[in-house]
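Reader: Hi, could you walk me through this structure slowly? I am new to this kind of work and would like the terms explained as we go.

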Amino acid sequence: MTSRNPRDSRLRLVSPRSLAAAPRAVTQRRTRRPAPRPPEGTPPPAELARMARTGLSDAARVARWADAALRPGRDGANPGGKGALSDATAERAAADLGLTPVQVRADWDTARLSGLIEVHGDTARPGWRLRAWSRDDSAVLRGWVALFDAWSLAYPEPTDREPAAVAEVVSAMPQVLSFLQLSAGPVPVDQLLDLLGQRVTELRTERCEIPYGTEPEPAPEPAEVPDAPLAPLLDWALHALASVGALTYGEGQATLTPLGSWAVWVKLEQICVAAQSPAGNIEQSAEDMLRGCAQLRPNAARAEYRAWLAARPVGGAVTELIDAARGEDALSRGLAFEALRVVGAPAEPDVRAVVDETPLRPYALLWLAEHDGYDPEDAHEVLTRAESTWLWVDTAAAVADHGEAPLLVRHLESAVQPTVPALLDEVRAVGHPRTVQVLVALAAAHPDPALAKAVRRAAFQVHTGGS
């Protein structure tokens with residue numbers, strides 16, 4: 001279902017409180033609907049994670065090399081401009097790893113798209129998924145799904161096709177993938193081409209809708225989307241999906257891999273990889289306790305925080321919570337500051353000490369504002385526009401990692417910017433390390449083809465360092 005006016009990019013303004021409350025919204029889940037079971041024959045999660053680790057092993061290898069070689073202060077620690085490897089760094093990595101520079105660049109891009117590497121300015125550092133790579137199957141699967149969502153960025157677009165036609169095919173591919181998943185076996189490419197043609201026709205029809213109150217004016221068909229053959233673009237899309245391990249493609253047919261079939265099912269059922277059960281949180285570390293509380297409603301989570309805090313000295317508990325907030329998981333960061341709200345005044349010196357740390361600054365400023373007497377509805381006023389935008393991206397990263405697609409779409413409404421173009425411009429400017437993944441996930445989730453296309457284009461520009 002799409003907007004009646006897909007080209008209207010205005011955002012519906014909502015209460016600014018929604019921005020500050022968004023981290024809480026991530027934890028609100030509908031518990032009455034039983035979790036659907038995957039289709040019969042789907043491998044268990046441990047086997048899926050093994051497949052994902054195998055498919056991303058080269059990217060993980062480059063990420064570990066970057067962790068060791070590109071840390072601040074190391075000789076040659078600059079990875080290159082805007083997250084791309086410089087020639088010297090690529091050649092150094094190739095020599096160290098026994099690869100070619102081309103292979104290193106490809107693996108580097110894969111590592112970035114899957115969240116194994118994050119780039120802060122000119123400094124590369126491992127993402128939280130790399131830290132959890134060997135012990136956390138859910139982190140591995142989230143990383144692979146992030147790469148799956150970004151399949152159109154992971155494989156070069158055809159240079160001899162109109163960008164608008166490429167965007168149409170990208171928008172239409174979810175229906176093609178759904179058909180492949182339901183078919184549960186090889187599907188002739190000719191059949192997929194017919195389905196793609198039908199979906200592209202639907203997208204073009206939806207774009208021709210006229211906004212209410214606008215007089216139609218005779219005009220020729222828009223030249224931005226020429227009626228070009230779709231077969232070469234379908235060939236590109238299938239090769240791109242095969243490159244990320246979502247399907248196999250050859251001999252005139254395509255078949256989803258077990259990972260690809262599972263990922264499409266996850267998207268169709270809007271299932272997220274949930275945190276572990278909260279049982280026994282009182283004995284857990286801060287990070288594990290926060291992950292265990294991720295499924296709880298705010299009141300139940302606060303009760304868990306109180307019990308956890310009561311079992312240990314306040315000073316050590318606050319230090320542990322702030323250390324957890326410094327991690328790469330944005331949901332844990334938001335929940336850590338919720339737990340610090342339960343601590344109250346004893347946490348003030350520690351919170352005030354981290355206001356100059358970029359990832360923690362918006363959370364710390366909101367905490368201090370509420371502690372100083374601001375109404376929670378007005379606390380957002382202490383944030384600059386850039387800090388609010390950083391918090392919006394960080395919260396979107398938490399939703400993308402742990403939430404459902406509709407929640408990510410609703411999160412778009414909490415942005416302080418009045419239009420989608422303004423939001424995208426400012427999101428690019430703040431330089432959040434998860435910007436590409438957030439935009440790709442938002443584009444995959446949003447039902448409006450025109451808006452999804454704009455968001456996907458912004459993700460591509462950030463990924464390539466373009467403008």
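Author: Let us begin with a term: a residue is called buried when its relative accessible area is under 20%, exposed when that value is over 50%, and partly exposed in between, with a 1.4 Å probe and protein chains only. You should also know that this is a predicted model, in which local features need pLDDT of at least 70 and side-chain atom pairs count only at pLDDT 80 or more, while totals for chains, interfaces and linings use all residues. Residues are numbered from 1 along each chain as its sequence is written, and side-chain values use heavy atoms, with hydrogens and water left out.

Reader: Okay, so is Glu 168 buried or exposed?

Author: Glu 168 counts as buried, because its relative accessibility is 4%.

Reader: And which residue does Glu 168 form a salt bridge with?

Author: The partner of Glu 168 is Arg 204, and their closest N and O atoms are 3.1 Å apart; a salt bridge here means a side-chain nitrogen of Lys or Arg within 4 Å of a carboxyl oxygen of Asp or Glu. This pair links distant parts of the chain, since Glu 168 sits in helix H9 (residues 163–183) and Arg 204 in helix H10, 36 residues apart. Helices are DSSP runs of H or I with at least four residues, numbered from the N terminus. Unlike a buried residue, Arg 204 is partly exposed, because its relative accessible area is 22%.

Reader: What else is found in helix H10?

Author: One of the residues there is Glu 202, in a helix that covers residues 189–207. Glu 202 counts as partly exposed because its relative accessibility is 42%, and its C-alpha atom is separated by 9.2 Å from that of Ala 172, although the two are 30 residues apart along the chain.

Reader: Back to salt bridges, then: how many does the structure hold?

Author: The structure holds 20 salt bridges. One of them joins Arg 129 to Asp 401, with the closest N and O atoms 2.5 Å apart. Here too distant parts of the chain are linked, as Arg 129 is in helix H6 and Asp 401 in helix H19, 272 residues apart.

Reader: Why do those two count as buried?

Author: Arg 129 is buried because its relative accessible area is 2%, and Asp 401 is buried because its value is 6%.

Reader: What is Asp 401 in contact with?

Author: Leaving aside neighbours within four places in sequence, Asp 401 is in contact with Trp 128, Arg 129, Arg 142 and Arg 434, where contact means heavy atoms within 4.5 Å.

Reader: Where does Leu 130 lie?

Author: Leu 130 lies in helix H6, which runs over residues 128–131, and Leu 130 is buried because its relative accessible area is 8%. Not counting residues up to four places away in sequence, Leu 130 touches Ala 60, Ala 63, Arg 64 and Leu 116. Its C-alpha atom is 7.6 Å from that of Ala 63, a residue 67 places away in sequence.

Reader: Changing topic, which other salt bridge could we look at?

Author: Asp 323 forms a salt bridge with Arg 326, and their closest N and O atoms are 2.9 Å apart. Both ends are partly exposed, because Asp 323 has a relative accessibility of 43% and Arg 326 a relative accessible area of 38%. Elsewhere, salt bridges that share partners join Arg 129, Asp 401 and Arg 434 into one network.

Key
Helices (H or I, at least four residues) and strands (E, at least two) are DSSP runs, numbered from the N terminus.
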